[in-house]
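The following exercises concern helix packing and charged side-chain pairs. Each task is followed by a worked solution.

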Amino acid sequence: MTAADLQQDRASTDVATVERITRALIDAGPDESAVVAEICRIAESLGLQTVVTDASPGRPNVEVVLPGEPGPGLLFLGHSDVVPAGEGWSGNPFRSRVHDGRIVGRGACDMKGGLAAVLAAMGSLARRGVVPARTVTLACVVDEEDRGLGIRAWVSDRTDQTGRPPAFTVDGGRPPAFTGCVVAEPTAGTVIVGCRGAANIVLTVTGRSAHAGRPENGRSAVVAAARLVGEIDGLHAELATVPHPVLGAASWNVGRIDGGTGPSIVAGRCRLEIDRRLLPDDDVDAVVADLLRRAGLVTDLDVDAYVEMEMPGFLTDESSPLVESALAALRSTGAPDPSTAVWTASCDGGFVARDLGVPTIVLGPGDLEAQAHQPDESVDLLEVARLSRAYARLMTEQRP
């Protein structure tokens with residue numbers, strides 16, 4: 001991209017465009033279908049192609065496509081869902097407003113601003129007739145904030161019976177492979193090269209109820225669960241001694257315990273909800289199997305476990321073309337010294353990295369810790385516009 005092209009891109013990806021798109025996505029409300037319908041309307045107005053497929057009945061994923069040169073494409077990834085609005089808002093969470101240069105509304109930061117930046121970048125190239133270096137696809141999936149239904153379905157559509165990506169073909173009609181994936185989640189403009197994954201594990205202990213006057217007639221599931229909590233705390237301490245050199249240590253956290261029916265009854269059942277942060281090479285089935293083995297060492301009661309949600313981690317080499325191109329794209333927008341980092345959060349990008357073997361980064365407008373999932377959530381309009389310009393540069397220059 002020449003200096004003249006870059007100046008034109010700065011003019012075409014303006015604040016007014018990203019404001020219009022971000023506000024429209026917030027105003028579509030919390031329903032994923034309504035957000036997808038709005039994305040399709042916006043994409044059509046920008047001259048972009050769309051493909052809608054159901055991850056499950058009534059819960060649609062959408063792809064927005066800008067055709068480019070032949071070969072593997074560049075993937076941008078986002079999600080259409082938001083967390084519940086909650087209390088403490090100064091206005092309607094789903095009626096966007098602009099205050100001091102920031103758009104306020106549920107999902108503004110996580111991640112309607114990121115979606116708007118990608119759409120505006122694709123639209124600016126389409127409007128000017130610029131053919132990207134690779135076909136650009138924005139995949140916006142459902143259910144990221146809960147159990148990952150959308151990304152699981154999207155990735156499954158792109159793997160064969162062996163669970164591996166199919167070979168890239170055009171005539172065969174299979175989806176193209178990708179040179180890289182950019183998750184447009186809020187990173188305050190930092191290039192995130194990796195993150196731990198996460199699994200929510202539900203552990204159920206089954207004992208035998210009895211009258212509390214003779215507790216020895218029963219088998220307390222709560223007492224057994226308490227022993228298990230101690231064992232899990234020990235597992236957490238063990239993991240802390242062998243941290244990953246970049247991502248840090250995997251971890252355990254017992255976040256919720258629910259057991260028994262009242263103080264006069266020996267608890268016959270107890271349920272633990274556990275968070276396990278995963279390193280990229282961790283196998284969650286092996287993690288659960290080891291947990292159950294250790295449970296058998298501290299109690300002879302029946303203990304069952306299942307994985308309620310799993311989101312894999314990933315780590316991309318900082319010297320990869322994707323990372324270097326992203327840093328160069330940020331510098332082209334005036335960012336003086338863009339940097340890389342790793343995340344404490346998890347995201348859908350782990351599925352793309354693990355299941356499709358695609359180098360993945362996270363890069364988007366907004367501050368995850370300061371704004372996401374909070375009352376009066378907001379995103380800075382100038383930052384959304386700057387990231388949109390960086391995305392456009394990445395679309396035109398990123399190579400395998």
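**Exercise 1: A charged network**

Glu 231 has a relative accessible area of 22% and is therefore partly exposed. The model examined here is predicted.

Task: Determine which salt bridges Glu 231 and Glu 238 form with Arg 294, and state whether Arg 294 is buried or exposed.

Solution.
1. Glu 231 pairs with Arg 294, and their closest N and O atoms are 3.7 Å apart. This salt bridge joins helix 6, which holds Glu 231, to helix 7, which holds Arg 294, across 63 residues.
2. Glu 238 also forms a salt bridge with Arg 294, with 3.4 Å between the closest N and O atoms. Here Glu 238 in helix 6 and Arg 294 in helix 7 are 56 residues apart.
3. The cut-off for a buried residue is under 20% relative accessible area. Arg 294, at 16%, is therefore buried, whereas Glu 238, at 41%, is partly exposed.

**Exercise 2: The buried face of helix 6**

Task: Explain why the buried residues of helix 6 line one face of the helix, and identify what they pack against.

Solution.
1. Helix 6 comprises residues 221-240 and reaches 29 Å from its first C-alpha to its last, close to the expected 28 Å.
2. Its buried residues include Ala 221, Ala 225, Leu 228, Ile 232, Leu 235 and Leu 239.
3. Viewed down the axis of helix 6, the buried residues fall within an arc of 95°, so they line one face. In an α-helix there are 3.6 residues a turn, so residues three or four places apart point the same way.
4. The buried residues of helix 6 pack against several elements, among them strand 9 (197-206), strand 10 (251-259) and helix 7 (284-298).

Technical notes. Residues are numbered from 1 along each chain as its sequence is written. This is a predicted model: local features need pLDDT of at least 70, side-chain atom pairs count only at pLDDT 80 or more; totals for chains, interfaces and linings use all residues. Side-chain values use heavy atoms; hydrogens and water are left out. Helices (H or I, at least four residues) and strands (E, at least two) are DSSP runs, numbered from the N terminus. The expected span of a helix is 1.5 Å times one less than its number of residues. Buried means under 20% relative accessible area, exposed over 50%, partly exposed in between (1.4 Å probe, protein chains only). The arc is that of the directions from the helix axis to the C-beta atoms. Contact means heavy atoms within 4.5 Å. A salt bridge is a side-chain nitrogen of Lys or Arg within 4 Å of a carboxyl oxygen of Asp or Glu.
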